[in-house]
Amino acid sequence: MSAMDCGGVFVKYVLFIFNILFVICGILLITFGSIMVSTIKDFSGVGETFTANSVAIIILVLGCVVFLVAFMGCCGAIRENACALTSYSVVMLVLLVSQLALIIYVWVDHVQIQQSLEKIVQTIWDQRKTDALLMDTLQRSFKCCGLNGFSDYGITYPASCCDSPSNGTCGLAQVMSRSSCLRAVDSFWDTNVSIIKYAGLGVTAVELVAFIFACCLANQTRNSQRRQNY
């Protein structure tokens with residue numbers, strides 16, 4: 001076996017292992033995007049949800065694409081199929097650019113997205129007298145109470161402000177530990193935006209390496225096929 005063949009075998013199995021990791025990343029992205037979508041979907045009646053929800057949907061779609069592409073890469077690497085590896089390289093390049101665009105968008109416009117989320121909370125609070133269900137859903141989902149704090153309700157706190165209400169209301173001791181819904185939503189976004197930015201950059205770096213390895217393996221596979229034809 002020549003040095004070139006040994007290098008090809010090494011690239012083949014490293015690429016296969018990378019794609020196993022991508023399958024796991026795809027599953028994690030699908031799970032993460034689903035959690036974000038399910039958290040925000042309860043407030044889909046509010047117009048400002050579009051900006052916030054679009055990021056979650058993009059993450060969910062990217063997770064599905066990463067999973068499918070990684071599966072194709074596993075098959076192409078283990079079977080040494082030049083056509084599958086070339087297709088994988090092209091799709092991986094497009095995926096890499098798309099993820100970079102999403103990361104840059106979130107990095108640059110994260111304040112605007114956060115403001116959109118805050119507008120959602122403000123709108124839900126303003127509409128609580130005509131549609132109490134949305135505010136109750138918000139308070140249960142984020143474990144919060146009131147727009148700026150439990151004191152917004154005066155002396156009577158709704159059942160959604162605590163875990164164990166009595167006679168349809170919560171006591172002062174039960175709501176004192178609850179943060180305001182504005183602060184809770186801001187905390188939710190701050191946590192998730194960090195995951196999107198830094199985990200996204202890590203995944204993109206690994207995808208770049210996988211793209212380079214796939215191109216090398218596809219080129220070596222073609223060369224091997226040409227030598228066999230002579």
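Angles between helix axes that are under 35 degrees count as roughly parallel, those over 145 as roughly antiparallel, those from 65 to 115 as roughly perpendicular, and the rest as oblique. This convention helps in reading the structure above, which is a predicted model.

Two packed helices are described by the angle between their axes and the distance between the axes. In this model, helix α3 spans residues 82–126 and helix α4 spans residues 132–142. Their axes come within 8 Å and cross at roughly 130°. An angle of roughly 130° belongs to none of the three named ranges, and α3 and α4 are therefore oblique to each other. The crossing in which α3 passes α4 is left-handed. On the α3 side, the residues that meet α4 are Val121, Ile124 and Trp125; on the α4 side, their counterparts are Leu134, Met135 and Leu138. Sorted by class, this contact has six nonpolar residues, with no polar and no charged ones.

One of these contact residues, Leu138, leads on to the interior of the model. In soluble globular proteins, nonpolar side chains tend to be buried together. Here the largest nonpolar core has 47 residues, and Leu138 is listed with Leu15, Phe22, Tyr88 and Trp189 as having the most contacts inside this core. At least two residues of the core are supplied by each of α1 (3–41), α2 (49–79), α3, α4 and α6 (181–229). The largest share, 13 residues, comes from α6. A second core, separate from this one, has six residues, including Cys145, Cys161, Cys162 and Cys170.

Individual residues of α3 and α6 add detail to this picture. Ser89 is located in helix α3. Because its relative accessibility is 5%, Ser89 counts as buried, the cut-off being under 20%. Apart from neighbours within four places in sequence, Ser89 is in contact with Phe211, Ala214 and Cys215.

Thr204 lies in helix α6 and is also buried, with a relative accessible area of 6%. When neighbours within four places in sequence are set aside, the contacts of Thr204 are with Leu96, Gln99, Leu100 and Ile103.

Val209 is another residue of helix α6. With a relative accessible area of 31%, Val209 is partly exposed. Along the chain, Val209 and Leu15 are 194 residues apart, yet their C-alpha atoms are separated by 8.8 Å. Leu15 has already appeared among the residues with the most contacts inside the largest nonpolar core.

Notes: Residues are numbered from 1 along each chain as its sequence is written. This is a predicted model: local features need pLDDT of at least 70, side-chain atom pairs count only at pLDDT 80 or more; totals for chains, interfaces and linings use all residues. Side-chain values use heavy atoms; hydrogens and water are left out. Axes are lines fitted to C-alpha atoms, for helices over the stretch in contact, and angles run from 0 to 180 degrees between N-to-C directions. Helices (H or I, at least four residues) and strands (E, at least two) are DSSP runs, numbered from the N terminus. A crossing is left-handed if the near helix is turned anticlockwise from the far one by less than a right angle, and right-handed if clockwise. Contact means heavy atoms within 4.5 Å. Ala, Val, Leu, Ile, Met, Phe, Trp, Tyr, Cys and Pro count as nonpolar, Asp, Glu, Lys and Arg as charged, and the others, Gly among them, as polar. A nonpolar core is a set of buried Ala, Val, Leu, Ile, Met, Phe, Trp, Tyr and Cys residues joined through side-chain atoms within 4.5 Å. Buried means under 20% relative accessible area, exposed over 50%, partly exposed in between (1.4 Å probe, protein chains only).
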